[in-house]
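This report walks through one protein chain, from its overall layout to a few single residues. Keep the structure in view while reading.

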Amino acid sequence: MICETVITPISDTKTTPTQSQEDRLLNTSRLNWVLWHTDPDYRERQSQANKKWREAHPSEMKAHSTKWRKEHPDERKAIMKRYYLKHRAAHERWHAKLKLEVLYHYSNGTMKCASCGYTNPDALTIDHVKGGGGKHRREIHRSGSSFYVWLRHNGYPAGYQVLCANCQMIKMKSEYLRKYQ
Ligand SMILES: [Zn+2]
């Protein structure tokens, strides 16, 4: 989950604060900062209050996020990259397990290419038996792991098989030649 801190700039308030009000605001925010970093109870209470506020104001949150993303493209990229790097290993493990499950199902437990018997799962793919796989994937807006998720979510529909990348390529070429010659 990517979190963005909601900060209402002082200049956004309707009236300009006087010097003493400004000092008080600064002192309050300093105090809050210290409490946040030193008092776990305060932090917990404040997190709950923030969460409540966010849940009660979804449209403000959405508008704020959209505005923030537009105004901070580089920070956004850096956050996405940090998130990706932090979760990359877990994501790769999840993807590998999902792919093996789907391959296992569509190869009837053999984990082999249906045409030549090749076994390295890195080069095994899911093939539409009747062709038109690309068109179907575009229709359901799925590719890569989200296509595997779609297959599993739909109870492994019939009409698919496991082919290695070579056999997939050879099949695609012969389909193409049949269609256009
Ligand atoms: Zn093959």
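Isoleucine 126 makes a useful starting point: leaving aside its neighbours within four places in sequence, isoleucine 126 is in contact with Val102, Tyr106, Leu151, Tyr160 and Val162. The model in which these contacts appear is a predicted one, and the mean pLDDT of the protein chain is 86, with 83% of the residues reaching 70 or more. Confidence varies along the chain, for among its elements strand 2 has the highest mean pLDDT, at 96, while helix 5 (residues 133–139) has the lowest, at 66.

**Overall layout**

The secondary structure of the protein chain consists of 7 helices and 2 strands, and, read from the N terminus on, these elements follow the order α-α-α-α-β-α-α-β-α. Of the 181 residues in the protein chain, 6% are buried. When contacts between residues at least 6 apart in sequence are considered, 66% of them join residues that are at least 24 apart.

**The nonpolar core**

Which residues form the largest nonpolar core? This core has 9 residues, namely Val102, Tyr106, Cys113, Leu124, Ile126, Val162, Leu163, Cys164 and Cys167. Helix 4 (73–106), strand 1 (124–128) and strand 2 (160–164) each supply at least two of the core residues, and the largest share, 3 residues, comes from strand 2. As a general background, nonpolar side chains in soluble globular proteins tend to be buried together.

**Two helices in the open**

Helix 3 and helix 7 can be described in the same terms, beginning with their lengths. At 1.5 Å a residue, the 14 residues of helix 3 (residues 58–71) should span 20 Å, and the end C-alpha atoms of helix 3 are indeed 20 Å apart, which agrees. Helix 7 (residues 165–180), with 16 residues, reaches 22 Å from its first C-alpha to its last, close to the 22 Å expected at 1.5 Å a residue.

Are these helices buried or in the open? Of the 14 residues of helix 3, the number buried is 0, so helix 3 lies largely in the open. Of the 16 residues of helix 7, the number buried is 1, so helix 7 also lies largely in the open.

**Leucine 103 and two loop residues**

Leucine 103 is found in helix 4, and, leaving aside its neighbours within four places in sequence, leucine 103 is in contact with Met111, Pro121, Leu124 and Val162. Although leucine 103 and threonine 125 are 22 residues apart in sequence, their C-alpha atoms are 7.6 Å apart in space.

Methionine 111, one of the contacts of leucine 103, lies in the loop between helix 4 and strand 1, and asparagine 108 is found in the loop between helix 4 and strand 1 as well. Most residues other than glycine have a negative phi. Asparagine 108, however, has a positive phi of about 55 degrees although it is not a glycine, and methionine 111 likewise has a positive phi of about 55 degrees without being a glycine.

The table sets out how these residues are classed by their surroundings.

| Residue | C-beta neighbours inside 10 Å | Class |
|---|---|---|
| Leucine 103 | 19 neighbours | partly exposed |
| Asparagine 108 | 11 neighbours | exposed |
| Methionine 111 | 15 neighbours | partly exposed |

A residue needs 20 or more such neighbours to be buried, so leucine 103, with 19, counts as partly exposed.

Methods
Residues numbered from 1 in each chain as written. Predicted model: local features only at pLDDT ≥ 70, side-chain atom pairs only at ≥ 80, totals over all residues. Helix = DSSP H or I, 4+ residues; strand = E, 2+ residues; numbered from the N terminus. Expected span 1.5 Å × (residues − 1). Buried ≥ 20, exposed ≤ 12 C-beta atoms within 10 Å, placed from the backbone. Core = buried A, V, L, I, M, F, W, Y, C linked by C-beta atoms within 7 Å. Contact = placed C-beta atoms within 7 Å. pLDDT = per-residue confidence, 0-100.
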